[in-house]
Amino acid sequence: MLQGCIPWPEDFARAYRAKGYWQDRTILQAMDALADAAPNRIAIVDGAVRMTHGQMQAGSRNLAAHFHALGLRAGDRVVFQMPNGAAFFEVFLALLRIGVIPVMALPPHRETELVHFARFGGAKALFIPQQVGAFDFRPMAEAVRAAAPTIEHVFVEGEALGAQLSLPVLREAAASATARESIAQTAPDAGDVALMLLSGGTTALPKLIPRTHNDYIYNYTQSARIAGFDQDTVLLVSLPLAHNYNLGSPGALGALSAGGRVVVSPRTDAASVFALVAREKVTAIPAAVPLVVNWLNDPQIAGYDISSLKLVQNGGARLSPELRDRVRKTFGCAFQEVYGTAEGLLNFTRLDDDDDKVLHSSGAPMCADDEIKVIDLGGNELPDGEAGELIVRGPYTIRGYYNAPEQNAKAFTPDGFYRMGDIVRKRGRYIVTEGRKNDLINRGGEKISTDEIENLLLKHPAVHGVALVAMPDPVFGEKACAFVTLKAGAALGFEEMKTFLLDQKIAKFKLPERLEVLPEFPISPAGKILRRTLREMIEGKLAAER
Ligand code: DBH
């Protein structure tokens, strides 16, 4: 395994193989098998492009030969910031073909993050879009190259600047016979690192998560089984493909592995998404809280035939029971809550679960050998029903971040459990999330679950979105401050909020002691609300008022 990565202990690896979770196949072998079996089957629909498995295979072979001729070798890392689209898959497979490890950056990442990934990963190349919206990535790439001298090549999905290389130009040029020969010799091992995902931490720069072929294939094939994917699956992806949720939980790779296809939506608004659902007969959509809220409140949906839709999933942050039920009724499909992490563990509500589980839980682990425990601050395991931190070990949960011994000492227990950082309760194998470990507000000893109050505030007719954060207080240490966004034309005052919450019969100490109305939330590249930014905002405001 790549130096700087922590493998599973031998006895665990043996057991995971014996139980069939690890099949000693690479992602590339799995994708090539699909292409060999059905070269004319459509894999990716991206605007007017309908790319078959055969085309994707041939295109990725040619690009792999070019990359190899340019000096990229097995075990090298590259920063991969490809935009959502057909080219994303072709380039991704080309890299896997020669054992090059893509570090999966997200489209909103900019110079600071990319320099961090490039330096930290010792990256040899950078893959970027030419332009997204008004932003030209090419000058930024030069700044990254200047700050991270390991970068030898910048590949642009579009026109190249200066010494940069244009992917469309490479695509058009047939690689030399020698280059093609040499890539036929490179066969990565299934125990090797296939890709690196980014940790979702919103409090620091992301850490790199090495995922092996063995564990990641299990990740997307098992989650595809649990989502009921098959060869008729048409998955619409509108969120970043580089994110574990959309890539492999089950996401695009899960849909392809089941024999289905992926439709890429360039936009997330209801009209764009549902027009594509109607046109492409989409059966499944991985969604997230802000999208669900917008779609449910958009009257345009009524104008589209979305009868093909069988499943809408929610991942990234918990969706309230009310909205889960509205998804089922409004879209006429099943709902699945996905609670997972790029570090590994994935929990799903099952398609045949009763309403109590589908509406109120965060699902159960997808693997019988996901060892989950809920622990207290002293590390002691808690009984069912008690709230504590979730920790996990299993066949697709990493044992350590890449090159990060100090963070690993904090993020993993000595016996190899990954600390999820979430406060949860267990009900048998089912998990109910309560909030982040650090999102609990401690008001002079009284703990306030941000999730609980947020869900209550979401019921207010004026409220569109809400985030409860801790604000410093000289007496209590911390108090709760409610940041909200409002529905168009609506208003909400502090007293009205308090009365509304008190009417829900909750303990008074849980009441937010300040209300801040925002036009929109600051969000991370993965679409999560940046609570740390909100905390800094309120700290700044309080300091200015003193
Ligand atoms: O929040 C996440 O990071 C996440 C959520 C659902 C995730 O990584 C996943 C599924 O794979």
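Biologist: What radius of gyration does the protein chain have, and what would a compact globule have?
Modeller: The protein chain has 23 Å, and with 546 residues a compact globule would have a value near 24 Å, so the two agree. That radius is taken over C-alpha atoms, and the globule rule is 2.2 Å times the number of residues to the power 0.38. Keep in mind that this is a predicted model: local features need pLDDT of at least 70, side-chain atom pairs count only at pLDDT 80 or more, and totals for chains, interfaces and linings use all residues. Residues are numbered from 1 along each chain as its sequence is written, and side-chain values use heavy atoms, with hydrogens and water left out.

Biologist: OK, what box do the C-alpha atoms fill?
Modeller: Roughly 75 × 55 × 50 Å, taken along the principal axes.

Biologist: How much of the chain counts as buried?
Modeller: 56% of the 546 residues. Buried means under 20% relative accessible area, exposed over 50%, partly exposed in between (1.4 Å probe, protein chains only).

Biologist: How many residues are in the largest nonpolar core?
Modeller: 126, and Phe 67 and Trp 295 are among those with the most contacts inside it. Such a core is a set of buried Ala, Val, Leu, Ile, Met, Phe, Trp, Tyr and Cys residues joined through side-chain atoms within 4.5 Å.

Biologist: Why does this core lie between domain 1 and domain 2?
Modeller: Because domain 1 (27-43 + 50-188) and domain 2 (215-436) both give residues to it. Those bounds come from an automatic or database domain assignment.

Biologist: And what does Phe 67 touch?
Modeller: Its contacts (heavy atoms within 4.5 Å) include Leu 72, Val 91 and Phe 127, not counting residues up to four places away in sequence.
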